[in-house]
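Please look at the sequence and the model below before reading on. The questions that follow each come with a reasoned answer.

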Amino acid sequence: MQFHHHGYVSGDPRVLPASGIGLDRPADLPDTMDILIVGAGPAGMITAAQLAQFGDISTFLVERRDGRLVIGQADGIQARSVETFQAFGFADRITSEAYRITEMCFWKPDPENPHHIIRTARTPDDEHGISEFPHLIVNQARVLDYYAEYAANGPARLTPNWGWEFKELTVESEGDYPVAVTLVKTAGDDAGTERVVRAKYVLGADGARSKVRDSIGAQHVGSVSYHAWGVMDVLAVTDFPDIRIKCAIQSKAGSILHIPREGGHLFRMYVDLGEVSENDNHQVRQTPLETIIAKANEIISPYSLDVKDVAWWSVYEVGHRVTDRFDDVPVEQAGQRMPHVFIAGDACHTHSAKAGQGMNVSMQDGFNLAWKIRQVVQGLSPASLLSTYTAERQEIAQNLIDFDREWSSMMAAKPEELESPSALEEYYVRTAEFPAGFMTQYKPSMIIGEATHQDLAGGFPIGKRFKSFGVARVSDSNPVHLGHLHRADGRWRIYVFADSPAAGEASKVETLADFLASDPASPVLAHTPEGADRNSLFDVKVIYQQHYTDVDITKVPKAFKATHGPFDLIDQDQIFATNDDDDIFAGRDISRDGAIVIVRPDQYVAHVLPVDATEGLAEFFRPIFTV
């Protein structure tokens, strides 16, 4: 990481200098604010963490609890989420304390004794090398802790305002702060007190029973499968041999999804409680813990489970629902007026926990929205940018519901009901890229270009997340993963993959560099706020085809050597090339004629252009920015 831009830093460089509202942040909620986030779950906390990087934006987060979450219901961390953690600077730390899934075991009835189970398959968790990041299990509460730390250390010094519950809101057609929100104090001597605050924008990340969703009239559409599961986090003495391996267990008595937890002893079991009558009226939720434990023992026979301690348990019925929209603009008015209220996470999509998607997809909701709100509030982009949130995330949520419906149905089925004895494990391997979080692909829009030049960078599909690859940093010869340098700082990335001209020919990348550095149409010059560092909105990197030892850094154009801070320090760390082990041009199918790959602040590829397409580069960014 880089620091010392403004002088020597002797303390923790992760604690950024306070600015704007962070210089004297009020302990109590002010009457007005730019953004109010309701709910300190995964969607709310990642949004707060991102917006906390901008001291000139007044962001506040309220949560009805009186303090941090202690025990989280979610625990599965997919590789795409760990990739996101890298952007927020804590991937290594959380990985070190988490349980890492490397394979999954499948258990089915023993043909010779169908009332006993035997292991029938062991499948690698990432057989195809989908990601360099691991699949983790860690308590949701710890994930929230890390985001809270990032938010508190950001320039805005954002910390949650605990003990405030959302009651209702109204959206007015005029005024600087059009959303009036009524909150109720839930803790302390003034519990029950109501307060009205006003905001430019509101995010409802307040869970499956979202009151924000109800306030904007969004409809939760879907159904319940009338199948119940008991879930418990326990410490137990057992002779089950795969107690420290993720398992799908199918027996004559029912099914279990078994997930080891972090810490070496704790584990979670989703225990099949069977079909539920349509007239049950949720009575199954009263199932006692003892019944769940007894059912688990019945399923894993001939093995046994002696539960010693229970950290958490619950009973739920599988439901699959997604809202008709993710903002306050009615479907019939889409495009006619701009949204001011948004919902994210469980507030707009609910499903089973079996595929480990809830927390993961919720975080991507927040990451998608935060940078867009930032650009609009700071006056960098038109309000129409915010309409892309529902357009992008609603389709992803529906895809999730469809996938989870099939996976949870297969998990609940008896072995003889499946089309083949190995159907479950084959489906798990075949669909691995979806639950890992890498099947998301956004469609063309004002922030996603057409695939006209996709062949120039086949390994970076437009609309999908930027898949990292190893390169050499020329300045210090260090091998680095290019995508791992993408921080959650709200900046757009422009990756310039240089051409390789024949002897005596001019390099196209030099022409592009002149355009970026001196042409008024250059997005870097046209859209970067006056007085700001040239790299404050755009992070421009160049990647050369030759070995890093063959790159003369003194001859690299100035466009790839941005200056920092009051001393105009030259940044030579944005220049890359191939190393002894990796050729990113071959590994990511990049044309030897060069290419420009534009990546959004949330790590998704926005466009691919020829390396000499200066007008195309300018044209892409013009509708995104107002300046």
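What follows is a set of questions and answers on cores, strands, a helix and ring pairs.

This is a predicted model, in which local features need pLDDT of at least 70 and side-chain atom pairs count only at pLDDT 80 or more, while totals for chains, interfaces and linings use all residues. Residues are numbered from 1 along each chain as its sequence is written, and side-chain values use heavy atoms, with hydrogens and water left out.

Q: Which helix gives the most residues to the largest nonpolar core?
A: A nonpolar core is a set of buried Ala, Val, Leu, Ile, Met, Phe, Trp, Tyr and Cys residues joined through side-chain atoms within 4.5 Å, where buried means under 20% relative accessible area, exposed over 50% and partly exposed in between, with a 1.4 Å probe and protein chains only. The largest such core has 119 residues, and those that touch the most other members are Leu36, Tyr147, Trp492, Tyr544, Phe560 and Phe621. Helices (H or I, at least four residues) and strands (E, at least two) are DSSP runs numbered from the N terminus. The helix that contributes the most, with nine residues, spans residues 358–377 and is helix H7.

Q: Between which domains does this core lie, and why?
A: Domain bounds come from an automatic or database domain assignment. Residues of the core come from 20–70 + 140–221 + 321–408 and also from 454–622, so the core lies between domain 1 and domain 3.

Q: Which strand lies between E3 and E4 in the open sheet of three strands?
A: Two strands pair if DSSP finds at least two bridges between them. Strand E3 (76–77) and strand E4 (99–101) each have a single partner strand and stand at the edges, so one side of each is left without a neighbour in the sheet. Ile77 stands opposite Leu136 in E7, and the antiparallel sheet has the order E3-E7-E4, which places between the two edges strand E7.

Q: Which residue of E27 is the bridge partner of Val597?
A: Strand E26 (residues 595–599) runs antiparallel to E27, and four bridges join them. Strand E27 (residues 605–609) is mostly covered, with five of its five residues buried. Within E27, Val597 has as its bridge partner Val608.

Q: Within what arc do the buried residues of helix H13 fall?
A: The buried residues of helix H13 (residues 614–621) are Leu617, Ala618, Phe620 and Phe621. The arc is that of the directions from the helix axis to the C-beta atoms. These buried residues line one face of the helix, because seen down its axis they fall within an arc of 160 degrees.

Q: What kind of pair do the rings of Phe88 and Phe367 form?
A: Rings of Phe, Tyr and Trp (its six-membered ring) pair if their centres lie within 6.5 Å, and planes under 30 degrees apart count as stacked, over 60 as edge-to-face and the rest as tilted. The centres of the Phe88 and Phe367 rings are 5.5 Å apart and their planes are at 55 degrees, so the pair is tilted.

Q: How many residues apart in sequence are Phe326 and Tyr389?
A: Phe326 and Tyr389 form a tilted aromatic pair, 6.1 Å centre to centre with 55 degrees between the planes. Phe326 is buried, with a relative accessible area of 0%, and Tyr389 also counts as buried at 0% relative accessibility. Because Phe326 lies in the loop between strand E16 (305–323) and strand E17 (341–343), and Tyr389 in helix H8 (residues 388–412), the pair ties together parts whose separation in sequence is 63 residues.
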